[in-house]
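Reader: I am new to this structure. Please take one residue and show me closely where it sits and what surrounds it. Then step back to the rest.

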Amino acid sequence: MNLLESLQKVRKQNFSNSTQTISSLEKINLADLRENKVVFIPSGAKDWEAVKKWSLDYFENNYGDEEVLLVNNQGVIAQNAPKVQEVLTLRNFIQELKNGSLKYLKLSNLVQKNESLQKDINNDFLKSLVLPLSFGKTFYSFIGGKNTCT
């Protein structure tokens, strides 16, 4: 199963009543965003440099010394797992992922902190999705290994 098929499966299982699939970035309905509906855009970022360049190896080689904060809230990994916080380098985190860890980096400001990474995404498009009266224009990254899902 490829990434797109995995995302479609998760969408059907978890968001079937609150999801809209659209064919292009230009067809986003801001009313859906105001209602917190999930908008699924297959291949929406296919032309972004991030899709071509970003991989675990890319982050490990170029941003491995960056410190990241991992927070696993109770029930996220396993129902009875306690809340755990851990600071480690991105390199060490990625090595753990490559060794099968289910640790998951969520709500990371890695892209926000690195202008070079921002150049790899369509930042103008993402900013256009921020609704009036929103508290900020920060975009977060999520990185996980096999068998993890956002």
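Author: Start with I94, which lies in helix α5, residues 90–98. Keep in mind that this is a predicted model.

Is I94 buried or exposed? The relative accessible area of I94 is 0%. Buried means under 20%, so I94 counts as buried.

What does I94 touch? Leaving out residues up to four places away in sequence, I94 touches L56, F59 and E60. Take F59. Along the chain, F59 and I94 are 35 residues apart. Their C-alpha atoms are separated by 8.3 Å.

Now look at helix α4, residues 56–63. Four of its residues to find are Y58, F59, E60 and Y63, which are buried. F59 and E60 are also touched by I94. What covers the buried residues of α4? The cover includes α5, along with α3 (49–53), α6 (110–113) and α7 (115–118).

Next, see how the two helices meet. The axes of α4 and α5 come within 9 Å. They cross at roughly 155 degrees. Angles over 145 degrees count as roughly antiparallel, so α4 is roughly antiparallel to α5. The crossing of α4 past α5 is left-handed. On the α4 side, the contact is made by L56, D57, F59, E60 and Y63. On the α5 side, L90, R91, I94, Q95, L97 and K98 take part. I94 is thus one of the residues that make this contact.

An α-helix has 3.6 residues a turn, so residues three or four places apart point the same way. Keep that in view while tracing the helices.

Now the strands. Strand β5, residues 104–108, runs antiparallel to β6. Three bridges join β5 to β6. In one pairing, S108 has S141 of β6 as its bridge partner. Follow β6 through residues 141–144 and its side chains alternate. S141 and I143 point to one face and are buried. F142 and G144 point to the other face and are not buried. In a regular strand the side chains alternate between the two faces of the sheet.

Finally, step back. The protein has eight helices and six strands. Along the sequence they follow the pattern α-β-α-β-α-α-β-β-α-β-α-α-α-β. Of its 150 residues, 29% count as buried. I94 is buried too. Consider contacts between residues at least 6 apart in sequence: 56% join residues at least 24 apart. The protein exposes about 10200 Å², and carbon and sulfur atoms supply 49% of that area.

Conventions: Residues are numbered from 1 along each chain as its sequence is written. This is a predicted model: local features need pLDDT of at least 70, side-chain atom pairs count only at pLDDT 80 or more; totals for chains, interfaces and linings use all residues. Side-chain values use heavy atoms; hydrogens and water are left out. Buried means under 20% relative accessible area, exposed over 50%, partly exposed in between (1.4 Å probe, protein chains only). Two strands pair if DSSP finds at least two bridges between them. Contact means heavy atoms within 4.5 Å. Accessible areas come from the Shrake-Rupley method with a 1.4 Å probe; for residues, only the protein chains shown count as cover. Axes are lines fitted to C-alpha atoms, for helices over the stretch in contact, and angles run from 0 to 180 degrees between N-to-C directions. Angles under 35 degrees count as roughly parallel, over 145 as roughly antiparallel, 65 to 115 as roughly perpendicular and the rest as oblique. A crossing is left-handed if the near helix is turned anticlockwise from the far one by less than a right angle, and right-handed if clockwise.
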